[in-house]
Amino acid sequence: MRRMPGATILHADLDAFYASVEQLLDPRLRGRPIAVGGSAAGGVVLAASYEAKRYGVSGGMPGWRAARLCPGLQFVPGRFREYQPIADRVMDVLGDVTPVVERISIDEAFLDVAGSTHLFGTPAQIAVLLRRRVRDEIGLPISVGVARTKHLAKIASQVAKPDGLVVVEPEREREFLEPLPVGLMWGVGPVARARLAERGITTIGELARTPTGAVEKILGHAVGSRMSALAHNEDPRRVAGAGRARSVGAQSALGRQQATPELVREVLAQLADRVAGRMRAKGRAGRTVTVRVRFPGMRSVTRSHTLPGPVATTLTLTEVAEQLVWQAIREQPHPEPDVTLLAISVSGLVEQSSLQLELPLLTADPRRPGSAPGAARWAVDRSVDAVRARFGNAAVGYLPTAMPRVRTVPDEFRELAEHDL
């Protein structure tokens with residue numbers, strides 16, 4: 001009989017990270033309900049402390065609504081320059097116990113400690129050690145889930161919040177998952193949760209007992225098949241150690257808006273500016289541009305195009321993305337559909353710390369980086385990068401990014417949520 005592998009995967013998640021950092025840096029805020037970003041007059045709450053969450057305040061909520069839910073709520077602007085260094089210190093602590101650390105956002109990571117137990121004890125003991133070190137050395141609360149799979153470890157860390165530890169041994173996985181709400185599963189958002197609830201499926205146990213074919217009819221073939229497997233804790237993914245990213249991307253949730261040329265251009269220009277800037281900062285460029293367009297009902301369409309050479313220029317990336325997005329939109333049955341999300345990613349990354357000019361033998365095409373217009377765009381972008389490095393991102397930029405019509409979330413906050421290269 002094949003022996004089931006042990007629970008050696010950890011998911012470590014800093015609790016209410018942005019708000020916790022504000023309380024760490026300003027002791028007067030500790031124990032008080034605070035919201036990072038927004039105000040009682042408007043704006044958007046970016047994060048809330050657990051004291052505020054008890055009143056129903058959450059990230060993405062309008063500031064005026066948060067103020068009504070929690071009368072004593074204190075709004076703070078957010079010290080974005082402090083977040084990344086503090087989070088990096090936490091990741092250094094995690095890396096002290098195992099080299100197999102997969103950071104999936106600024107404030108959470110997976111670890112595989114199978115090779116570390118002979119040094120630091122059982123996975124549960126390692127989790128206790130990490131939580132103590134993060135609290136003592138950095139001053140932040142962190143919740144940890146320990147399980148056999150990544151999916152279950154992440155659920156366990158959510159159950160452990162705030163500031164707790166949950167270990168799920170292999171023999172009690174089904175017992176643990178049975179009563180939990182489906183909303184705790186990775187990939188089950190409000191729309192999917194509502195669709196499942198309409199069929200009387202509200203817990204992971206109920207989802208596991210529902211035939212896969214029936215789940216696929218509710219959520220679609222790909223999503224339904226994946227959710228059904230995860231409900232049975234079938235997750236073959238392993239923890240990937242640190243390595244250079246194979247792609248770089250950014251996305252913007254739009255609520256629900258009509259896909260006008262002005263909206264699409266502005267959003268894609270902002271996304272391309274972030275993606276291209278990050279590539280240039282790391283001396284990299286990519287050949288394949290992929291866009292994702294999400295329509296109401298969580299239906300997404302992706303389109304890709306591979307360029308003749310690797311690019312990292314903002315205008316070129318914007319133009320290619322626009323072409324792909326409109327291709328996806330025009331294929332829809334409705335002539336003027338609404339969109340809820342736009343995303344850009346670039347893959348096929350290569351080094352590009354300098355640009356090799358080409359001989360003027362072909363027609364000038366900015367999509368070829370070594371052509372005259374392509375090189376001119378690269379030179380302009382490098383100048384923009386230099387100005388921003390000295391005076392900040394708001395100092396200069398292309399028109400749609402420098403003067404957006406609507407900006408509800410600071411660019412600094414968006415950038416913290418995006419993976420580094």
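**Entry 1: helix α14**

I started with α14, where 12 of the 17 residues are buried, so the rest of the structure largely encloses this helix. A reminder to myself: this is a predicted model, and I am reading every number below as a computed one.

Which residues of α14 are buried? I listed T314, T316, L317, T318, V320, A321, E322, L324, V325, W326, A328 and I329. I noticed that E322 sits in that list along with residues such as L324 and W326.

Next I looked for what does the covering. Over the buried residues of α14 I found, among others, α13 (261–281), β10 (284–295), β11 (299–311), β12 and α15 (372–391).

I also checked the length. The 17 residues of α14 reach 24 Å from the first C-alpha to the last, close to the 24 Å expected at 1.5 Å a residue.

**Entry 2: Q332, just along the chain**

I followed the chain into the loop between α14 (314–330) and β12 (338–347), where Q332 is found. Is Q332 buried or exposed? Its relative accessibility is 11%, so I put Q332 down as buried; the cut-off for that word is under 20%.

Where does the side chain of Q332 go? It reaches the backbone oxygen of A328, at 2.9 Å. A328 is itself one of the buried residues of α14, which ties this loop residue back to the helix in my notes.

Setting aside neighbours within four places in sequence, I found Q332 in contact with F295, R299, V301 and P337. Two of the covering strands turn up again here: β10 (284–295) and β11 (299–311) are among the elements over α14, and F295 and R299 are on the contact list of Q332.

**Entry 3: helix α15**

Since α15 helps cover α14, I looked at α15 too. Its 20 residues should span 28 Å at 1.5 Å a residue, and the end C-alpha atoms are 29 Å apart, which agrees.

Which residues of α15 are buried? They are G374, A375, R377, W378, D381, V384 and R388. Two arginines, R377 and R388, and an aspartate, D381, are in that set. Just after α15, I saw that G392 takes a positive phi of about 100°.

**Entry 4: E108 and strand β6**

I then turned to the record. UniProt, in an unreviewed entry, lists E108 under "active site"; I note that such annotations may be inferred rather than shown by experiment.

Where is E108? I found it in strand β6 (residues 108–112). With 13% relative accessibility, E108 counts as buried. Its contacts, not counting residues up to four places away in sequence, are H11, A12, D13, M91, R103 and K154.

The whole strand follows suit: five of the five residues of β6 are buried, so β6 is largely enclosed by the rest of the structure. E108, F110 and D112 point one way, while A109 and L111 point the other way.

What pairs with β6? Strand β1 (residues 9–14) runs antiparallel to β6 over five bridges, with H11 having F110 as its bridge partner. Strand β5 (residues 101–105) is joined to β6 by four bridges, again antiparallel, and V101 stands opposite L111. β5 and β6 form a hairpin with two residues between them. H11 thus came up twice for me, as bridge partner of F110 and as a contact of E108.

**Entry 5: a three-stranded sheet and Q74**

My last stop was an open sheet of three strands in the order β3-β2-β4, with mixed pairing. The edge strands are β3 (47–48) and β4 (74–76), and each pairs on one side only. Helix α1 (residues 17–25) packs on this sheet and touches β2, β3 and β4; its direction makes about 115° with that of β2.

Strand β2 (residues 34–36) pairs with β4 in the parallel sense over three bridges, and A35 has F75 as its bridge partner in β4.

I picked Q74, which lies in β4. Its relative accessible area is 26%, so Q74 is partly exposed. Leaving out residues up to four places away in sequence, Q74 touches L29, R32, P33, I34 and A35.

How is Q74 placed relative to R32, and what links them? They are 42 residues apart in sequence and 7.9 Å apart in space, C-alpha to C-alpha. Their side chains make a polar contact at 3.2 Å.

Key
Residues numbered from 1 in each chain as written. Predicted model: local features only at pLDDT ≥ 70, side-chain atom pairs only at ≥ 80, totals over all residues. Heavy atoms only, no water. Pairing = 2+ DSSP bridges. Contact = heavy atoms within 4.5 Å. Axes fitted to C-alpha atoms, helices over the stretch in contact; angles between N-to-C directions. Buried < 20%, exposed > 50% of the residue type's maximum accessible area, 1.4 Å probe, protein only. Polar contact = N/O pair within 3.5 Å; in protein donor to acceptor, adjacent residues only side chain to side chain. Expected span 1.5 Å × (residues − 1).
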